[in-house]
Amino acid sequence: MYSNGLVGLERAGLYRSFAGEEIVRNGLSVGNGMEGGSSSGGGAGDDPDASDPHRKKKRYHRHTARQIQELEAMFKECPHPDEKQRLQLSRDLGLEPRQIKFWFQNRRTQMKAQHERSDNCSLRSENDKIRCENIAIREALKNVICPSCGVPPVGEDAYFDEQKLRMENARLKEELDRVSSIAAKYIGRPISQLPPIHPIPVSSLDLTVGSFGGQGFGPSLDLDLLPGSSSIAPLPMQTVGIAEMEKPLMVEIAANAMDELIRLLQADEPLWIKSAVDGREILNLDNYERIFPRPNHLKSPDIRIEATRDSGHVIMNALALVEMFMDSNKWMELFPTIISKARTIEVLAPGMAGNRSGSLQLMYEELQVLSPLVPTREFYFLRYCQQIEQGMWAIADVSIDYSRVNQFVTPSRSRRLPSGCLIHDMPNGYSKITWMEHVEIEEKSPTHRTYRELINGGMAFGAQRWVTTLQRICERLACLMVTGASTRDLGGVIPSPDGRRSMMKLAQRMINNFCSSISASNGHRWTTLSGLNDVGVRVTVHKPTDPGQPNGVVLSAATSLWLPVSPQTVFNFFKDERTRPQWDVLSNGNSVQEVAHIANGSHPGNCISVLRALNSSQNNMLILQESCTDLSGSLVVYAPVDLPAINIAMSGEDPSYIPLLPSGFTISPDGRPDNSGAGASSSSNLQGGVARSAGSLITVAFQILVSSLPSAKLNHESVATINNLISATVQQIKAALNCP
C-alpha cells in the first residue's frame with residue numbers, strides 16, 4: 001500500500017528518494033516497534049560506531065520518577081518537541097538530548113500501539129454483535145413453516161454457514177456505499193433525505209474537542225460522513241426538463257444577451273474606464289444604465305455590481321476554444337482554479353455541426369476563490385454561441401431564474417448579467433480573446449476583511465483572472481501535446497514523451513484535488529479551530545471515492561493570512577528548493593534536490609518537478625510538485641509519491657490510480673494598491689507573472705489520512721496534529737519572510 005499524504009500522527013507525509021540514495025522523510029516519526037532501541041541508548045542508524053564489531057556494550061539508563069513525570073507532562077502538551085524544547089528538557093532533567101529524543105519517539109510508538117489495540121477491540125466487539133444477530137436469525141428460522149407444504153425449509157444450515165454470512169454482509173455494505181454514492185450524486189439530495197430505508201445503520205464520525213495547549217478548539221465538530229461522500233459534493237439540484245413553452249422565452253433572453261455583449265465588447269469610452277488602482281477596464285455603471293435600461297430593476301444596498309473587461313492572446317485556435325467552452329467537463333479543465341463544479345443541464349439547441357453556431361445550453365457552475373474564507377458563487381445560466389463572421393465567434397452567458405421551473409433549486413444570490421467573450425482566430429494556431437465579466441451579487445453577510453479589497457474590487461472573479469488563467473492553461477495544454485522534449489526539460493530521468501505526458505496528467509490531477517480540498521463549496525462543512533489568528537485553522541472531513549485517492553477518512557485543514565510582501569517574493573520563496581527547509585516543518589531541516597523538471601509554459605515558474613530529499617534513511621519516496629503563476633495569482637502544490645508509482649508514470653502508463661493526497665499554498669494579490677504606484681496598463685503590473693500589490697493573501701492547506709478504515713472515528717490527536725502542523729508552518733513562513 002502506498003504511503004500517500006500526511007498519514008496520521010506518525011505516518012505524516014513521508015518524503016523518500018530515488019533508488020539507493022538517502023533523502024529526508026517528510027514526516028514526524030515512523031517506526032516498527034520501539035524507536036531508538038531503548039529508553040536512552042538510540043538505534044544503530046543514529047550511532048556512528050554501530051558497524052564497529054569491537055564497540056563497547058551500551059549502558060542502559062533508567063529514568064527517575066521525576067524525569068518520567070516531567071517528560072509525560074511535556075508529552076501531553078507537545079508530542080513532537082523541536083530541538084530547542086529538547087535542549088531545554090535536557091538541561092532541566094540532566095539527560096542528554098538524544099535520550100530526550102528517543103524517549104519521545106518510544107512514547108509516540110507506545111501511544112500508537114495503544115490506539116491500534118483499541119481499534120482491534122472495537123472491531124472484535126462489532127464482529128461479536130454481528131455473530132449474535134446471525135445466531136438469533138438462525139434460531140428464528142428454525143420455527144418457520146412453509147405455507148404451501150407445511151414443513152420447515154431445508155438446507156438452512158448450509159445456507160447460513162458463518163463464512164457465507166460474513167461474505168454476504170461485506171457485499172451488502174459495499175453495495176450500500178455504492179448505491180448511496182450514486183443517489184447523492186444524481187438525485188441531488190443528502191442521503192438523509194431519501195426514503196426511510198435503513199438496511200444497515202451508518203454511524204457518523206464524531207469529535208468532541210476539549211482544549212489543546214491551553215486553547216480551545218471551539219465547538220464540537222459535527223462531521224456527518226455518509227457512505228460515498230467525497231470532497232466534491234453533488235450538484236444542489238435535481239434535473240428537471242424545460243417545458244416547451246419556456247424555450248422560446250429562453251431563446252429571446254439569450255439573443256438579447258448576445259446583442260448586448262457584442263456592443264459592450266466593441267465599445268470604448270464612455271462605457272469603459274481605466275481603474276486608477278491597477279489600470280483594469282471597468283464598466284461605467286451610470287452610462288451603462290442609461291444605454292441599457294432595465295425596466296423592472298430595483299436597487300438594493302445588499303446588491304453589488306462587478307463589471308470588468310480584459311483581452312489577450314492564447315495558444316489555441318478559436319474553434320477548439322469554442323468546443324471546450326460548450327462542453328461543461330472541458331470548461332472545468334480550462335479553469336481548475338476558478339470553477340469548482342460545472343454541468344450542462346439541458347441542450348436547448350445543438351447548433352450547426354462543425355462550428356457550434358446557434359448552440360444554446362442551460363448550464364450550472366460554481367466559482368471559487370482558493371480559500372475557505374470566501375463563499376463560492378453559483379450560477380444557473382444560458383450559454384449561447386454564435387459565429388459572427390469568418391474566424392470570429394461570440395459566446396454569451398446570462399442568468400435565468402431556474403428555481404422558477406425547478407422546485408429542488410433555491411434562488412441564487414449571484415446573477416450573471418450579459419457576459420462572455422469574443423474569440424478571433426489568429427495565424428499560427430493562436431486566438432485573441434476579449435472577455436467581459438458582468439455579475440450582480442447579493443450579499444447577505446459582509447465579506448471577510450482579509451479578502452474584502454480583492455473581492456469588492458472585482459479582481460477575485462474579474463475578467464483579468466479568467467483571461468490570464470486561460471492563457472496559462474492553454475500553454476500547459478500545448479506543452480502536453482508536444483511530441484518531443486529536450487534533455488533540459490526531462491532532466492535525463494523521464495525516458496519518453498509518453499512518460500512526460502503521463503507525469504503532466506498526474507500533476508494536473510494533483511492540482512484539481514488540491515483545489516477541491518480547500519473550496520468553500522456548499523458541499524464542504526468547515527469548522528474553525530481557534531488559536532492561530534483571527535482567521536483560525538478551518539477543518540473538514542471527507543471520504544474519497546474517486547480513483548487515485550486513498551481509501552478511508554481524510555482530514556483537510558486550511559488557513560488564510562495576509563503578508564506585507566509582494567506575491568512575486570512569496571512565490572519565489574516557496575518555489576526555490578533551497579529555501580524549502582525554512583517552511584517545510586516536516587523535512588526536519590533537510591534540503592531537497594530537483595531530479596526531474598517539466599516546463600509547463602513560457603514563465604519559468606510554471607513547471608512540474610520531481611524532488612528528492614537529502615540525508616534521510618528513507619529511500620523510496622519522492623515529492624511530486626507543480627508550481628504555476630499568472631497575473632491573478634500562484635500555486636505551489638506537492639504530494640509525496642513512492643518510487644514505484646513515479647516509475648509507472650515516467651514509463652508512460654496510465655497514472656489515474658496512483659494515490660495522491662496533496663498539500664500546498666495559494667498566493668494572490670491583496671487587491672490594495674502598490675505603494676510604488678500602479679501602472680496604467682495590465683502589462684505594467686506584471687512582475688514575473690504576478691501582479692504588483694501592497695501585500696499577498698496566502699492560503700496554507702494540508703491533508704491527513706486519518707484512517708484507511710471508512711468507518712473510523714475522528715480523534716482529538718489527528719486534529720491537534722494538523723492544527724500544530726499549520727500553525728508551525730505559518731510561523732516559520734513569517735519568520736523567513738521577516739513578517740511580524
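**Chatting through cavities and two residues**

Colleague: Hi! What share of the 740 residues is buried?

Modeller: Hello! Buried residues account for 51% of the 740 in the protein. Keep in mind that this is a predicted model.

Colleague: Noted. How many helices and strands are there?

Modeller: The protein contains 16 helices and 27 strands. If you look at contacts between residues at least 6 apart in sequence, 69% of them join residues at least 24 apart.

Colleague: And the outside, how much area does the protein expose?

Modeller: About 34,600 Å² is exposed, and carbon and sulfur atoms supply 52% of that.

Colleague: Let's go inside. How many cavities of 30 Å³ or more do you count?

Modeller: The count comes to eight cavities of 30 Å³ or more. The largest cavity holds about 350 Å³ of space.

Colleague: Which residues lie nearest the centre of that largest one?

Modeller: Those are Arg465, Ser632, Gly633, Ile667 and Ser668, out of 26 lining residues. By type, the lining of the largest cavity divides into 12 nonpolar, 10 polar and four charged residues.

Colleague: Which elements each supply at least two residues of the lining?

Modeller: One helix and four strands do: α11 (463-481), β22 (621-630), β23 (633-642), β24 (663-669) and β27 (696-707).

Colleague: And which domains does the lining draw at least three residues from?

Modeller: Domain 2 (246-292 + 301-480) and domain 3 (492-673 + 692-737) each give at least three residues to the lining of the largest cavity.

Colleague: Changing topic: where does Val482 lie?

Modeller: Val482 is in the loop between α11 and α12 (487-490). Leaving aside neighbours within four places in sequence, Val482 is in contact with Arg500 and Arg501. The C-alpha atoms of Val482 and Pro497 are 7.8 Å apart, with their positions 15 residues apart along the chain.

Colleague: Why is Val482 called partly exposed?

Modeller: Because the relative accessible area of Val482 is 35%, and partly exposed covers values between the 20% and 50% cut-offs.

Colleague: Now Cys515, is that one buried or exposed?

Modeller: Cys515 counts as buried, because its relative accessibility is 1% and buried means under 20%. Cys515 is found in helix α13 (residues 497-517).

Colleague: What is Cys515 in contact with, leaving aside neighbours within four places in sequence?

Modeller: Cys515 is in contact with Pro336, Thr337, Gln368, Leu370 and Leu635. Take Leu370: Cys515 and Leu370 are 145 residues apart in sequence, yet their C-alpha atoms are 6.6 Å apart in space.

Key. Residues are numbered from 1 along each chain as its sequence is written. This is a predicted model: local features need pLDDT of at least 70, side-chain atom pairs count only at pLDDT 80 or more; totals for chains, interfaces and linings use all residues. Side-chain values use heavy atoms; hydrogens and water are left out. Buried means under 20% relative accessible area, exposed over 50%, partly exposed in between (1.4 Å probe, protein chains only). Contact means heavy atoms within 4.5 Å. Accessible areas come from the Shrake-Rupley method with a 1.4 Å probe; for residues, only the protein chains shown count as cover. On a 1 Å grid over the protein atoms alone, a cavity is a set of points where a 1.4 Å probe fits but cannot get out, and a pocket is an open set with protein on both sides within 12 Å along at least five of seven lines; lining residues have an atom within 4 Å of a point. Grid points are joined across faces, edges and corners, and a volume is the space filled by probe spheres set on the points. Ala, Val, Leu, Ile, Met, Phe, Trp, Tyr, Cys and Pro count as nonpolar, Asp, Glu, Lys and Arg as charged, and the others, Gly among them, as polar. Domain bounds come from an automatic or database domain assignment.
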